[in-house]
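Me: I would like to learn how to read the features of a structure like this one, step by step. Could we begin with the idea of a contact and then work outward?

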Amino acid sequence: MKVILAQIAPSLGDAERNLKIHLEEIRRAERAGADLIVFPELSLTGYLLQDLVAECAMEPKTSPLLRRLEKASARVAVVAGFVEQGPGISFYNAAACFVKGKLAHLHRKVYLPTYGMFDEGRYFAQGDVFRTFEAPWGRTGILICEDFWHLSSSWLLAQEGMELLVVATNSPVKEIKAAGAPTGQAAWSRLGQVVAQFLTCYVVCVNRAGGEEGWTFAGGSFAVAPSGKLIGEARQLRADRLAVALPPGPLRQARTTSPLLRDEKLDLVRRELGRIVSSRYKQE
Amino acid sequence: MALRRERSDLAIDPKLVESVLTGFIGEETRRVGRRRVVVGLSGGIDSAVAASLARRALGARGVVAILMPYRLSHPSSMKDARALARRLSIRCEEHDITAAIDGYFAGDPKAGRVRRGNKMARERMSILYDRSVVHEALVLGTSNKTELLLGYGTIHGDMASSINPLGDLYKTQIFELARHLRIPAAIQRKVPTADLWPDQTDEKDLGMTYVDLDQVLHRLIDERWTRAETIRGGWLAAMVDRVLARVRGSQFKRRVPLVAKVSARTVGIDFRYPRDWGT
């Protein structure tokens, strides 16, 4: 299969303008014969929304804007990020996968960073599940940014048979030390390689470019093979577009060479987790 | 007393920093429909670095240098500023502030140098904002992180700007960036000064060298060392306490004015929108 990593620079709080960028990128991806195009976290709205969260929120069932995106997915599947207005008027940082003109999967970000420069917990409700879905190219899981930093997220998805992990992020430049990638970006790529190799799956991680409120998003989207080998990397900082091929061969080879998933002990994990959790609440 | 200090790593990747900062200047200027910035060139290193970054981000026609000498300004200040503007091929305007400052203080000859210095900084700010209208430009800030954290600047004076590319770089990091940007040696070698009165230097005003200040600030602020850890790291308690007191004492300068809350949604408290809204 062929995937396009659409490292775009969305406008803050202007979903209509961002939709245009999406539709243009989708048309290009179609022409390139791609199976899937992946946009970054909150690609339809931008990131630092603050009180705009409520005003930018969309209901997947009724939003005309999401309808248009859904329709555009007739020939190439699309993963895009937006603010979802969910049940009970809760706002989620969400990513949807549209396949053949239909909503195939919706992930609500579980881990909302609320520390340092981040303040998501103030504005968003937390998702509470990690689920995979069956896509035309294989079993797929979606994570959003901070979700990926919690190793258990990818691990859980892998236990459900995930072959492709799609990570949509908005990772900013933090400290720029001498020589090398902006601090943080090296960690992303390292994490992607470790997860791919030890869960024996493809990892496609799409970050955004551009700036908001003095932040600069780092770009550097990448894809990793199930061997842990980096397949491709987009430019740092600037908008970019990267096409990668994810053939089935390397997945089979990696899983044959390292049958780590086959040998997982889910019962043991459940048992030990149960023990650890209950001991936390034991009276001293 | 001999102290063994482990140096904090303040080295930057100047090329990457340049790339982030030129991206920032270009994007933030264009997103509000402008193509230009005005920058007050003092002949010092901060404004030289800011102007060079803006020149790279917006092109020669995207930067207007504004020189605002006072009669007591050091003669080299304007000379170096003019030379830099020529070298960058950017437009350069001069607005002498002597008449405005001396006119204001004519009836108050006992005014001390701090009041006079603050008045000069605000006079310059006022000119920059006026010229920004004429040139349909944004005012480019030049305050660095060391100054911002220590409050070593005039609130609503040199601390005022529309966008500031330098505010997250310590002074010693500005020097490193200046070397990368090939700022003229005359400017790089100059002893840092606000040039508000004769023989003023930053390090005399602050009572510590920038090298030491940046080390202590980096430990306390960026690396979140406690006071005790910083002192154990080899810094004199008196130095650490002086820095901490300055940072705490100048917090008001780094915030917008407080608004008293008497309604459901209050500007600055729970009315929170991004400035880059819809851009």
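Reply: Let us start with the term itself: two residues are in contact if their C-beta atoms, placed from the backbone, lie within 7 Å. Please keep in mind throughout that this is a predicted model.

Me: With that cut-off in hand, which residues of α2(B) meet which residues of α7(B)?

Reply: On the side of α2(B) they are B:I45, B:D46, B:A48 and B:V49, and their partners in α7(B) are B:I174, B:F175, B:L177 and B:A178. Sorted by class, this contact of α2(B) with α7(B) comprises 7 nonpolar residues, no polar ones and 1 charged residue.

Me: How is the geometry of such a helix pair expressed, and at what angle do α2(B) and α7(B) pack?

Reply: In general, two packed helices are described by the angle between their axes together with the distance between those axes. Here helix α2, residues 45–58 of chain B, packs against helix α7, residues 171–180 of chain B, at an angle of about 50°, and their axes are 10 Å apart. Angles from 65 to 115 degrees would count as roughly perpendicular and those under 35 as roughly parallel, so at this angle α2(B) is oblique to α7(B). As for handedness, α2(B) passes α7(B) in a left-handed crossing.

Me: At what angle does α1(B) pack with α2(B), and how far apart are their axes?

Reply: Helix α1, which covers residues 14–30 of chain B, packs with α2(B) at an angle of about 65°, with the axes 8 Å apart. The two helices α1(B) and α2(B) are therefore roughly perpendicular to each other, and their crossing is right-handed. The residues that meet are B:E18, B:L21, B:T22, B:I25, B:G26 and B:T29 in α1(B), and B:L53, B:A54, B:R56, B:A57 and B:L58 in α2(B). By class, the contact of α1(B) with α2(B) has 6 nonpolar, 3 polar and 2 charged residues.

Me: Next I would like to understand backbone angles: what is the phi of B:H156, and what is that of B:D195?

Reply: The general expectation is that most residues other than glycine have a negative phi. Against that background, B:H156 has a phi near 65°, a positive value in a residue other than glycine, and B:D195 has a phi near 55°, likewise a positive value in a residue other than glycine. B:H156 is found in the loop between α6 (145–150) and α7 of chain B, while B:D195 lies in the loop between α8 (185–188) and α9 (202–206) of chain B.

Me: Are B:H156 and B:D195 buried or exposed?

Reply: A residue counts as buried if 20 or more other C-beta atoms lie within 10 Å of its own, and as exposed if 12 or fewer do. B:H156 has 12 other C-beta atoms within 10 Å and is therefore exposed, whereas B:D195, with 21 C-beta neighbours inside 10 Å, counts as buried.

Me: How would one read a buried residue in chain A, and what does A:V38 touch?

Reply: A:V38 lies in strand β2 (residues 36–38) of chain A, and because it has 29 C-beta neighbours inside 10 Å it counts as buried. Leaving aside residues up to four places away in sequence, A:V38 touches A:V3, A:L5, A:A6, A:V79, A:V166, A:A168, A:V204 and A:V206.

Me: Moving to whole chains, how many helices and strands are there in chain B and in chain A?

Reply: Chain B has 12 helices and 4 strands. Its radius of gyration is 20 Å, close to the 19 Å that the globule rule gives for 279 residues, so chain B is as compact as a globular protein of that length. Chain A, for its part, has 9 helices and 14 strands, and its radius of gyration of 18 Å agrees with the value near 19 Å of a compact globule with 284 residues. Buried residues make up 38% of the 279 residues in chain B and 47% of the 284 residues in chain A.

Me: Finally, how many residues does each chain bring to the contact between them?

Reply: Chain B supplies 20 residues and chain A supplies 22 residues. The side of chain B that touches chain A has, by class, 10 nonpolar, 4 polar and 6 charged residues.

Notes
Residues are numbered from 1 along each chain as its sequence is written. Chains are lettered from A and ligands numbered from 1 in the order in which they are written. This is a predicted model: local features need pLDDT of at least 70, side-chain atom pairs count only at pLDDT 80 or more; totals for chains, interfaces and linings use all residues. The radius of gyration is taken over C-alpha atoms; the globule rule is 2.2 Å times the number of residues to the power 0.38. Ala, Val, Leu, Ile, Met, Phe, Trp, Tyr, Cys and Pro count as nonpolar, Asp, Glu, Lys and Arg as charged, and the others, Gly among them, as polar. Axes are lines fitted to C-alpha atoms, for helices over the stretch in contact, and angles run from 0 to 180 degrees between N-to-C directions. Angles under 35 degrees count as roughly parallel, over 145 as roughly antiparallel, 65 to 115 as roughly perpendicular and the rest as oblique. A crossing is left-handed if the near helix is turned anticlockwise from the far one by less than a right angle, and right-handed if clockwise.
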